[in-house]
Amino acid sequence: MIVDRLSESGGEVAIHARNRLTGESLAFSAAKVFLGCGVIGTTKILLESLEAFDRPVTLKDSQYFLVP
């Protein structure tokens, strides 16, 4: 699955995704979502979710990682 965007409604989070092989659109819902796709992947999903297509973003990365 490839996650394209998230949306929130009524205390639930909807995960809008597509099948990596077939391209079929899928949607899941959950009470909470942990989004950990790296600096670029997470930023892409959040900007898509906010429909902030022409918003400039400054990326800062320390090249360290933490396990949640």
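Let's start with one residue: leaving aside residues up to four places away in sequence, Arg20 touches Met1 and Ile2. Arg20 belongs to the loop that links β2 (12-18) with β3 (25-30). Is Arg20 buried or exposed? Its relative accessibility is 61%, and exposed means over 50%, so Arg20 counts as exposed. Asp61 lies 41 residues from Arg20 along the chain, and the C-alpha atoms of the two are 28 Å apart.

Now for the wider view. What you see here is a predicted model. The protein has three strands and one helix, and along the sequence they come in the pattern β-β-β-α.

Where is the helix? Helix α1 covers residues 38-50. Its 13 residues, at 1.5 Å a residue, should span 18 Å, and this agrees with the 18 Å between its end C-alpha atoms. Just after α1 comes Glu51, which has a positive phi, near 55°.

Some values for the whole protein are gathered here:

| Feature of the protein | Value |
|---|---|
| Box filled by the C-alpha atoms, along the principal axes | roughly 35 × 30 × 30 Å |
| Buried share of the 68 residues | 12% |
| Exposed area | about 5900 Å² |
| Part of the exposed area from carbon and sulfur atoms | 56% |

Contacts and charges complete the picture. Among contacts with a separation of 6 or more, 18% are between residues 24 or more positions apart. The protein carries 7 positive and 8 negative charges, and the mean positions of these two groups are 5 Å apart.

Conventions
Residues are numbered from 1 along each chain as its sequence is written. This is a predicted model: local features need pLDDT of at least 70, side-chain atom pairs count only at pLDDT 80 or more; totals for chains, interfaces and linings use all residues. Side-chain values use heavy atoms; hydrogens and water are left out. Helices (H or I, at least four residues) and strands (E, at least two) are DSSP runs, numbered from the N terminus. Buried means under 20% relative accessible area, exposed over 50%, partly exposed in between (1.4 Å probe, protein chains only). Contact means heavy atoms within 4.5 Å. Accessible areas come from the Shrake-Rupley method with a 1.4 Å probe; for residues, only the protein chains shown count as cover. Lys and Arg count as positive and Asp and Glu as negative; His and the chain ends are not counted. The place of a charge is taken as NZ of Lys, CZ of Arg, CG of Asp or CD of Glu. The expected span of a helix is 1.5 Å times one less than its number of residues.
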